[in-house]
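Reader: Could you take me through the disulfides in this one? I'd like a close look at how each is set up, from the sulfur atoms out to the parts they connect.

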Amino acid sequence: MRSFVSLVIASALCWPAVAAPAAGDALPRPSIVGGTDVPDGRYPFIVSLQNARAGSLHSGHFCGGSLISPSWVLTAAHCVVRRSPGSLDVHAGTTDFDRAAGSRHAVAAIHVHPAYPSGKSDVALIRLKTPVADVRPVSLPGLEGAAFEQPGQLLTVAGWGRLASGAGSPSRMQEVDVPFIPTAECQRLYQGRLPVDAEVELCASRSGKDACQGDSGGPLFLAGDQGSRDQLGVVSWGIGCAQGDSPGVYARLASAGIVDFIRATWTGD
């Protein structure tokens, strides 16, 4: 889920078990708008965060995440900040919720970025009790990812979020390519409504193409020609979905503070 602001707080609160940012301005929002179906197995590093006692994958999904190693998942802080490890599972290895594929993993620990109470640095790490077998994790270029933050650079975001603001969610993962938006332009568009922090946030979307509720925590990444996947952001917040004057905002993984948090927390296993 990606966060909404006060204009849609009532709707946002209907989404399952996602806490509001401490700053009180924006709420996490969940699906991909203007995207296409993801073929089976294209992005095996993308996982679904599930309510532990849900009856089905579709009903249990509340946020996305990405495997950075077989035992560690990167997601948004707002997805897990008020959750206990026993309240959620991570489902890996599926593209379509209607098919009984993949594996379910209990959570051993949740680590939220210490600066998140500010409402920014919207990242968290989840350690799984059992590793995900036979998967190629996403790559984290860290500070070097800033080199890809160029106007118009197309990046990919994928997940099981809503197909439009307030609409239903798909059973099959969706993906869409969205252009990077220079931070100064993003700040101008949000001026007088919400602050965009250039150090820990980046923006990417275009009118009619965006992440939406249910996509929160999922990756914004650069897809290379040789099958490489370099993650540059984490779905965080926005006003509505796919509105040209309200870009999608992502936690910026090229931030020194976020890089330090990941390095200090992730054991690499």
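Author: Here's a walk through the disulfides, one pair after another. Keep in mind that this is a predicted model. Searching the whole structure turns up 3 disulfides. If you number the bonded cysteines in sequence order, they pair up as 1-2, 3-4, 5-6.

Let's start with Cys-63 and Cys-79, whose sulfur atoms sit 2.1 Å apart. The torsion about their S-S bond is about -85°, so this disulfide is left-handed. Cys-63 belongs to strand 5 (residues 61-69) and Cys-79 to helix 3 (residues 77-80), so the bond ties together parts that are 16 residues apart in sequence. As for accessibility, Cys-63 is buried at 0% relative accessibility, and Cys-79 is buried too, with a relative accessible area of 1%.

Next up are Cys-186 and Cys-203, with 2.0 Å between their sulfur atoms. Their link is left-handed, with -75° about the S-S bond. Here helix 4 (residues 183-190) holds Cys-186 and strand 12 (residues 201-204) holds Cys-203, so the pair ties together parts 17 residues apart in sequence. Cys-186 is buried with a relative accessible area of 0%, and Cys-203 counts as buried at 0% relative accessibility.

That leaves Cys-212 and Cys-241, joined at an S to S distance of 2.1 Å. This disulfide is right-handed, because the torsion about its S-S bond is about 80°. Cys-212 sits in the loop between strand 12 and strand 13 (219-223), and Cys-241 in the loop between strand 14 (229-237) and strand 15 (249-252), so the pair ties together parts 29 residues apart in sequence. Both Cys-212 and Cys-241 are buried.

Key. Residues numbered from 1 in each chain as written. Predicted model: local features only at pLDDT ≥ 70, side-chain atom pairs only at ≥ 80, totals over all residues. Heavy atoms only, no water. Disulfide = S-S within 2.5 Å. Helix = DSSP H or I, 4+ residues; strand = E, 2+ residues; numbered from the N terminus. Buried < 20%, exposed > 50% of the residue type's maximum accessible area, 1.4 Å probe, protein only.
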